[in-house]
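Hi,

Here is the structure I said I would pass on. Have a look at it first, and then read my notes underneath.

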Amino acid sequence: MFLMKDIVRDGDPVLRQQAQKVTFPLSDEDRQLAHDLMEYLEVSQDPELCEKYGLRAGVGLAAPQVGASKMMASVMVPAEDENEEPVFKDVIINPVIVSNSVQRGALTEGEGCLSVDQDVPGYVPRSARITLEYTDVDGNSHHIRLKNYPAIVCQHEIDHLHGVLFYDHIDKENPFSKSDDEIFIY
Ligand SMILES: CC(C)(C)[C@H](NC(=O)Nc1cc(F)cc(F)c1)C(=O)N(CC(=O)NO)CC1CCCC1
Ligand SMILES: [Zn+2]
């Protein structure tokens with residue numbers, strides 16, 4: 001199981017590398033990695049276990065963040081009501097954003113990152129909606145459309161697979177600049 005000590009922090013070159021495509025069928029090592037990446041999110045979103053293991057509650061974790069430069073990331077976006085199923089939950093392997101909405105969006109509270117310990121204030125402009133293609137651990141390919149928070153999380157995780165960190169997108173001159181056609185995502 002991954003703990004905070006296993007999460008690579010900003011400054012480590014692995015976070016700035018282009019990750020390697022994953023080949024199928026998955027090796028045992030890649031299958032274990034996919035499992036562990038999702039397990040982190042599940043454990044961290046359980047308040048008791050999160051506290052017990054001293055984790056930061058996470059909604060996404062990319063393989064490079066645990067030192068594995070592979071195109072794989074876990075995403076688990078909980079529903080508003082915790083008794084509901086997650087809005088989106090899967091390990092996305094070799095993900096490709098095949099189309100982006102013209103409309104841009106940003107989280108009102110900005111973004112953070114499990115690999116970035118300091119706060120970096122500012123809006124992180126992203127596409128408000130994306131069409132995502134990826135393969136799951138069973139080798140099934142998916143072609144899905146995402147919007148709002150799940151779309152933001154997937155873009156944040158896919159950035160990690162290309163060596164991009166959230167603050168790379170923040171406008172240095174005016175971190176809170178927002179053009180009027182950009183929407184806010186809560
Ligand atoms: C950096 C951190 C603040 C830990 C952020 N967590 C988060 O948004 N918490 C959260 C939100 C929920 F809706 C439900 C829940 F259970 C916990 C996060 O996991 N990430 C993932 C990350 O760093 N991946 O590499 C950062 C988010 C910023 C925008 C998208 C992902
Ligand atoms: Zn991150």
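I started from the UniProt record, an unreviewed entry, which puts the feature "binding site" at Cys113, His156 and His160. Keep in mind as you read that this is a predicted model. Although those three positions are spread over 48 residues of sequence, they cluster in space, with a largest C-alpha distance of 10.2 Å. Cys113, His156 and His160 are also included in the lining of the largest pocket.

What do the three residues hold? Cys113 (SG), His156 (NE2) and His160 (NE2) are the protein donors of the zinc ion (ligand 2), at 2.1 to 2.3 Å from it. Along the sequence, the donor residues are spaced C-x42-H-x3-H. Cys113 comes from the loop between β4 and β5 and His160 from helix α3 (residues 148-161), so this pair links distant parts of the chain, 47 residues apart. His156 sits in helix α3 as well.

Are the donors buried or exposed? Cys113 counts as buried because its relative accessible area is 5%, under the 20% cut-off. His160 is buried too, at 1%, and so is His156, at 10%.

The surroundings of two of the donors are worth a click. Leaving aside neighbours within four places in sequence, Cys113 is in contact with Arg56, Gln65, His156, His160 and Phe166. On the same basis, His156 is in contact with Glu111, Gly112, Cys113, Arg126 and Phe166. Phe166 therefore turns up in the list for Cys113 and again in the one for His156.

Two of the contacts of His156, Glu111 and Arg126, bring me to the charged pairs. Side chains of opposite charge can pair when their charged atoms come close. The side chains of Glu111 and Arg126 do so in a salt bridge, at 2.7 Å from N to O. This pair also links distant parts of the chain, with Glu111 in the loop between β4 and β5 and Arg126 in strand β5, 15 residues apart. Both ends are out of the way of solvent by the accessibility numbers: Glu111 is buried at 11%, and Arg126 counts as buried at 3%.

How many salt bridges are there? The count comes to eight. Here are some that I looked at:

- Arg9 and Asp117 meet in a salt bridge at 3.0 Å, N to O. Arg9 is in the segment before α1 (28-44) and Asp117 in the loop between β4 (104-107) and β5 (126-127), so the pair ties together parts that are 108 residues apart in sequence. Arg9 is partly exposed, at 28%, whereas Asp117 is exposed, at 51%.
- Glu42 forms a salt bridge with Lys89, and their closest N and O atoms are 2.6 Å apart. Since Glu42 lies in helix α1 and Lys89 in strand β3 (residues 88-100), this pair ties together parts that are 47 residues apart in sequence. Glu42 is partly exposed at 34%, and Lys89 is partly exposed at 39%.
- Glu29, Asp30 and Lys70 are linked in a network of salt bridges.

If you open one view, I would pick the zinc ion (ligand 2) with Cys113, His156 and His160 around it, and then bring in Glu111 and Arg126, both in contact with His156.

Cheers

Note on methods:
Residues are numbered from 1 along each chain as its sequence is written. Chains are lettered from A and ligands numbered from 1 in the order in which they are written. This is a predicted model: local features need pLDDT of at least 70, side-chain atom pairs count only at pLDDT 80 or more; totals for chains, interfaces and linings use all residues. Side-chain values use heavy atoms; hydrogens and water are left out. A salt bridge is a side-chain nitrogen of Lys or Arg within 4 Å of a carboxyl oxygen of Asp or Glu. Helices (H or I, at least four residues) and strands (E, at least two) are DSSP runs, numbered from the N terminus. Buried means under 20% relative accessible area, exposed over 50%, partly exposed in between (1.4 Å probe, protein chains only). Donors are N, O and S atoms within 2.8 Å of the metal (3.2 Å for Na, K and Ca); water is not among the atoms, so sites may look incomplete. UniProt positions are given in the numbering used here, feature names are shortened, and annotations may be inferred rather than shown by experiment. On a 1 Å grid over the protein atoms alone, a cavity is a set of points where a 1.4 Å probe fits but cannot get out, and a pocket is an open set with protein on both sides within 12 Å along at least five of seven lines; lining residues have an atom within 4 Å of a point. Contact means heavy atoms within 4.5 Å.
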